Amino acid sequence: DGAISKLKEIRNEKNLTQEEVAFRAGISQKMITYIETGARTPTLLTFVKICIALGTNPSEVFLNDNHSDLTRSRKVKAKIIKMIQEEL
């Protein structure tokens, strides 16, 4: 999945270990490994915790490197907001 591989890419760009991200997110390092390898799909809450631990906006994870597509960006943000509202 593109979003999951993007999480790993961001982690590597910030020179963070899985352990550091796990600690910051309040989840196990093993769960980070499972998510990054595709063995598990994170819940929305876990996904958001990881994004916060990485210091990144969840909507940015879904965007391609070409951030000029504002329509797609708005749709992604709206989808994430809807998912969060459904979880609350």
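What follows is a walk through the overall fold, one helix pair and two loop residues of this structure. The model is a predicted one, so everything below is computed from predicted atoms.

Starting with the big picture, the protein is built from 6 helices and has 0 strands. Read from one end of the sequence to the other, the pattern is simply α-α-α-α-α-α. The protein has 88 residues, and buried ones account for 36% of them. As for the outside, the accessible surface adds up to about 5,900 Å², and carbon and sulfur atoms contribute 53% of that surface. Contacts also link parts of the chain that are separated in sequence: of those between residues at least 6 apart, 47% join residues at least 24 apart.

Next comes a helix pair, α2 and α4. Helix α2 covers residues 18-25, while α4 covers residues 44-54. The two pack with their axes 8 Å apart, at an angle of about 115°. Angles of 65 to 115 degrees count as roughly perpendicular, and α2 is therefore described as roughly perpendicular to α4. The crossing of this pair is right-handed. On the α2 side, the contact is made by Val21, Arg24 and Ala25; on the α4 side, Lys49, Ile50, Ala53 and Leu54 take part. Sorted by class, the contact of α2 with α4 comes out as 5 nonpolar and 2 charged residues, with no polar ones. The charged members are Arg24 from α2 and Lys49 from α4.

The loops deserve a look too. Just past α4, Thr56 sits in the loop that leads to α5, a helix spanning residues 58-62. Despite its loop position, Thr56 is buried: its relative accessible area is 17%, and the cut-off for buried is under 20%. Leaving aside residues up to four places away in sequence, Thr56 touches Ile10, Cys51 and Val61. Of these partners, Ile10 falls within α1 (2-13), Cys51 within α4 and Val61 within α5.

Asn15 is the other loop residue, found between α1 and α2. Its phi is near 55°, which is a positive value in a residue other than glycine. Is Asn15 buried or exposed? With a relative accessible area of 67%, Asn15 counts as exposed, since the cut-off for exposed is over 50%. The two loop residues thus fall into opposite classes, with Thr56 buried and Asn15 exposed.

Note on methods
Residues numbered from 1 in each chain as written. Predicted model: local features only at pLDDT ≥ 70, side-chain atom pairs only at ≥ 80, totals over all residues. Heavy atoms only, no water. Helix = DSSP H or I, 4+ residues; strand = E, 2+ residues; numbered from the N terminus. Buried < 20%, exposed > 50% of the residue type's maximum accessible area, 1.4 Å probe, protein only. Contact = heavy atoms within 4.5 Å. Axes fitted to C-alpha atoms, helices over the stretch in contact; angles between N-to-C directions. Parallel < 35°, antiparallel > 145°, perpendicular 65-115°, else oblique. Left-handed = near helix turned anticlockwise from the far one by under 90°. Areas by Shrake-Rupley, 256 points an atom, 1.4 Å probe, with all protein chains shown as cover.
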